[in-house]
Amino acid sequence: MLNDAHIQSYLQEQGLSPDLIVQVTDFRQQYEVDPAVTERVAVPTMPFYGKETLEMAITAILQGENLLLSGGKATGKNVLCETLSWIFGRPAYDISFHVNTDSASLIGTDTFKDNEVQLRKGPIYQCAEFGGFGILDEINMAKNDALSVLHATLDHRRRIDVPGYSRITLHPATRFIGTMNQGYAGTRELNEALVSRFLVVDMPPLDVETLIFLLKKHFPDMKQTALEQFSGLFLDFQKKASNGEISTKPLDLRGMIAGIRTIRSGLPPVNAIRMGLINKSFDQFEKEILEDSANTRIPKTWTKNDVFEG
Ligand SMILES: Nc1ncnc2c1ncn2[C@@H]1O[C@H](COP(=O)(O)OP(=O)(O)OP(=O)(O)O)[C@@H](O)[C@H]1O
Ligand SMILES: [Mg+2]
């Protein structure tokens, strides 16, 4: 019940219409979660921030569609997946893709148990049974032929064909949410047949308002100047990366947040930025550019007291 109230106030805070909030609540109440998998329903430490993106994702799911989240690094793709699992109250199944992903690892493999051959159910199969949200993480890392087994699962047929076993139909609450990061090393072009089975959401790059909001949520006692300088630094890096002056390696919000946390234990802010952002690059020339940029934002003399309220 407390959780329901939390979800309600989060959705209101994001500015979603009352009508949409009612539809989400109805969905949650319509489908119960099997007690065996309740711990799979996510409870995000910090839910996704961004009204428009959230609205697109929610309406697509309500209409029975699968979603493909496409965007740069740390634009909150996985945070959004967690948030959707939470607000719709569905168990989440993380399915990470890599070059060696094949259909058996997704759907299931034969194993020998109790003196007979049995199907060991893969994550897609389990997700289908329990009405889960299957998170197809970094889907464009997989080979397209591994993904072709999912065609019937992802379109109106909503079924899984397990070679040698009977086919199963997806639980009505099952949805699949793919994430992809264009241009990461090792990614492939997704083929059209696959993409046509998703509604695609372009994740917006972080802007100053979102950054300050997120930092404040993580660090409610952070001083205004520090909020502005850390956000500014991140955006400086973002601009340099989009101009091709640096790689996207140091563009790591997760790293910046983890770095700032070390300031609480007494690490000088300049070193926190090194650990969280600058050292993510292993290129000496690039590091120098980053150091110069950081020096204009985070003075070397800064201590914990310049960052947090006393
Ligand atoms: N819109 C947002 N709302 C909430 N948190 C966000 C948002 N955008 C970025 N973040 C923050 O960025 C960090 C990374 O988010 P997440 O892991 O979801 O990114 P991602 O898009 O999956 O990145 P990657 O491409 O590296 O996998 C999280 O710690 C989260 O706090
Ligand atoms: Mg991710």
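Guide: A residue counts as near a molecule if one of its heavy atoms lies within 4 Å of it. Keep that cut-off in mind; this is a predicted model.

Visitor: How many residues surround ligand 1, and which are the closest?

Guide: The shell around ligand 1 holds 20 residues. Lys77, Asn78, Val79, Asn181 and Arg254 are the closest.

Visitor: What is the make-up of that shell by class?

Guide: Ten residues are nonpolar, six are polar and four are charged.

Visitor: Which polar atoms of the protein should I look at beside the ligand?

Guide: A polar contact is a pair of N or O atoms within 3.5 Å. Start with Asn181. One of its polar side-chain atoms is 2.7 Å from an oxygen atom of ligand 1. Val79 uses its backbone instead: an N or O atom there is 2.8 Å from a ligand oxygen. At Tyr49, a polar backbone atom lies 2.9 Å from a nitrogen atom of ligand 1.

Visitor: How much of ligand 1 does the protein bury?

Guide: The protein buries 91% of the 640 Å² that ligand 1 exposes when taken alone.

Visitor: Where does ligand 1 sit?

Guide: Look in the largest pocket; ligand 1 sits there. Three helices each give two or more residues to its shell: H4 (77-88), H10 (208-218) and H12 (253-264). H4 supplies the largest share, three residues.

Visitor: Where does ligand 1 lie with respect to domain 1 and domain 2?

Guide: Check which domains feed the shell. Domain 1 spans 2-202 and domain 2 spans 208-307. Both contribute residues to the shell, so ligand 1 lies between them.

Definitions and conventions:
Residues are numbered from 1 along each chain as its sequence is written. Chains are lettered from A and ligands numbered from 1 in the order in which they are written. This is a predicted model: local features need pLDDT of at least 70, side-chain atom pairs count only at pLDDT 80 or more; totals for chains, interfaces and linings use all residues. Side-chain values use heavy atoms; hydrogens and water are left out. A polar contact is a pair of N or O atoms within 3.5 Å; within protein, one must be able to donate a hydrogen and the other to accept it, and residues adjacent in sequence count only if both atoms are side-chain atoms. Accessible areas come from the Shrake-Rupley method with a 1.4 Å probe; for residues, only the protein chains shown count as cover. On a 1 Å grid over the protein atoms alone, a cavity is a set of points where a 1.4 Å probe fits but cannot get out, and a pocket is an open set with protein on both sides within 12 Å along at least five of seven lines; lining residues have an atom within 4 Å of a point. A molecule sits in a cavity or pocket if more than half of its atoms lie within 2 Å of its grid points. Helices (H or I, at least four residues) and strands (E, at least two) are DSSP runs, numbered from the N terminus. Ala, Val, Leu, Ile, Met, Phe, Trp, Tyr, Cys and Pro count as nonpolar, Asp, Glu, Lys and Arg as charged, and the others, Gly among them, as polar. Domain bounds come from an automatic or database domain assignment.
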